[in-house]
Amino acid sequence: MELKWLPEIVDNFLARTNSKNYFCEIITYANSMTDFNQIIYHRRSIRKFKNQPVEKEKIEWLLKAVLLAPSGKGMYPCEYIVIDDPHLLQIVSQSKQHGAELIKNAPLAIAVVADSAIYDIWVEDASIAATFIMLEAENLGLGCCWVQMRKRGTDDGKSATQNLKEILGLKDTHEILSVMAIGYKDEEKRAYTDADLKMKKIHHNRIHNKL
Ligand SMILES: Cc1cc2nc3c(=O)[nH]c(=O)nc-3n(C[C@H](O)[C@H](O)[C@H](O)COP(=O)(O)O)c2cc1C
């Protein structure tokens with residue numbers, strides 16, 4: 001952690017706490033902030049995985065992360081299918097035409113499914129859950145790639161959801177947002193740096209570049 005951040009961290013901390021145990025809590029707060037900032041710079045889409053299973057404890061952490069994700073109106077329309085059967089992973093990797101092949105070489109995948117009958121804005125809930133999976137995977141030293149399923153399908157005109165309905169035991173009202181491929185990284189990708197930040201995307205009060 002860079003020391004130049006310390007005064008800011010201390011100020012933020014003191015503004016938020018009444019605790020007398022300042023020292024311990026400042027260190028905890030500073031550590032968590034550094035860890036999270038490192039995670040968002042280091043997370044990359046990983047498409048090559050080692051032939052090594054993901055430990056049960058790490059799978060449990062991934063599931064805790066999705067179960068702690070927020071949900072609009074507290075409706076919780078999402079369900080998560082943990083897939084570690086190699087045959088099933090192979091079938092799932094064929095459920096859309098492009099960009100899903102990597103699933104067959106992953107030791108683990110989590111399908112992010114939602115019941116659209118429970119909540120009309122399930123896409124937002126499911127996207128937050130998928131994002132939590134990506135960040136928790138990086139936190140656990142695992143690689144992850146979001147494989148989009150919603151609005152994708154195969155050249156025969158079938159949607160990915162239709163292709164997977166029976167095999168994953170989906171109900172008629174179930175939709176699949178994505179399948180998150182997860183495993184130990186078997187490719188190196190550089191972490192992002194400040195030079196990668198697309199600062200042009202940030203605007204102050206309004207977008208000023210209208211023609
Ligand atoms: C909504 C969404 C859908 C994506 N779908 C796929 C996909 O179907 N297949 C794939 O290989 N990568 C997919 N990706 C990964 C993106 O290609 C990747 O995030 C992007 O190129 C930026 O690279 P990074 O994740 O390493 O920062 C998806 C990412 C997002 C956020």
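Q: What makes a residue count as buried in this predicted model?

A: A residue is called buried if 20 or more other C-beta atoms lie within 10 Å of its own, whereas 12 or fewer make it exposed, and a count in between makes it partly exposed. The model discussed here is a predicted one. By this rule, the buried residues of helix H5 are Trp122, Asp125, Ala126, Ala129, Ala130, Phe132, Ile133, Met134, Glu136, Ala137 and Glu138. Of the 211 residues of the chain, 27% count as buried.

Q: Why is Lys73 called buried or exposed?

A: Lys73, which lies in the loop between H3 and S1, has 9 C-beta neighbours inside 10 Å. The cut-off for an exposed residue is 12 or fewer, and therefore Lys73 counts as exposed.

Q: What makes Tyr76 partly exposed?

A: Tyr76 is also placed in the loop between H3 and S1, and 18 other C-beta atoms lie within 10 Å of Tyr76. Because buried residues need 20 or more and exposed ones have 12 or fewer, the count of 18 leaves Tyr76 partly exposed.

Q: What is there to notice about the phi values of Lys73 and Tyr76?

A: Most residues other than glycine have a negative phi. Lys73, however, has a positive phi near 55°, and Tyr76, which is not a glycine either, has a positive phi of about 45°. A positive phi, of about 80°, is also taken by Gly141, just after H5.

Q: Why do S1 and S3 stand at the edges of the sheet?

A: The open sheet has 4 strands in the order S1-S2-S4-S3, paired in the antiparallel sense. Strand S1 (78-83) and strand S3 (143-148) each have a single partner strand, so one side of each is left without a neighbour in the sheet. From one strand to the next, the twist averages 20°.

Q: How do you know that S2 and S4 pair?

A: Two strands pair if at least two bridges are found between them, and strand S2 (residues 108-115) and strand S4 (residues 174-183) are joined over 8 bridges, in the antiparallel sense. One of the bridge partners is Met180 in S4, which faces Ile110.

Q: Which strands do helices H3 and H5 meet?

A: Helix H3 (residues 56-67) lies across S1, S2 and S4, and runs at about 165° to S1. Helix H5 (residues 122-139) packs on the sheet and touches S1, S2, S3 and S4, with a direction that makes about 5° with that of S4.

Q: How do you know that the span of H5 is close to the expected one?

A: The expected span is 1.5 Å times one less than the number of residues. H5 has 18 residues, for which 26 Å is expected, and its first and last C-alpha atoms are 26 Å apart.

Q: What makes up the contact of H3 with H5?

A: The two helices pack at an angle of about 145°, with their axes 8 Å apart, and their crossing is right-handed. Trp61, Leu62, Ala65 and Val66 in H3 meet Ala129, Phe132, Ile133, Glu136 and Ala137 in H5. These residues divide into 8 nonpolar, no polar and 1 charged.

Q: What pattern does the chain follow along the sequence?

A: The chain has 6 helices and 4 strands, which follow one another as α-α-α-β-α-β-α-β-α-β. Among contacts between residues at least 6 apart in sequence, 77% join residues at least 24 apart.

How values were computed:
Residues are numbered from 1 along each chain as its sequence is written. This is a predicted model: local features need pLDDT of at least 70, side-chain atom pairs count only at pLDDT 80 or more; totals for chains, interfaces and linings use all residues. Axes are lines fitted to C-alpha atoms, for helices over the stretch in contact, and angles run from 0 to 180 degrees between N-to-C directions. Two residues are in contact if their C-beta atoms, placed from the backbone, lie within 7 Å. A crossing is left-handed if the near helix is turned anticlockwise from the far one by less than a right angle, and right-handed if clockwise. Ala, Val, Leu, Ile, Met, Phe, Trp, Tyr, Cys and Pro count as nonpolar, Asp, Glu, Lys and Arg as charged, and the others, Gly among them, as polar.
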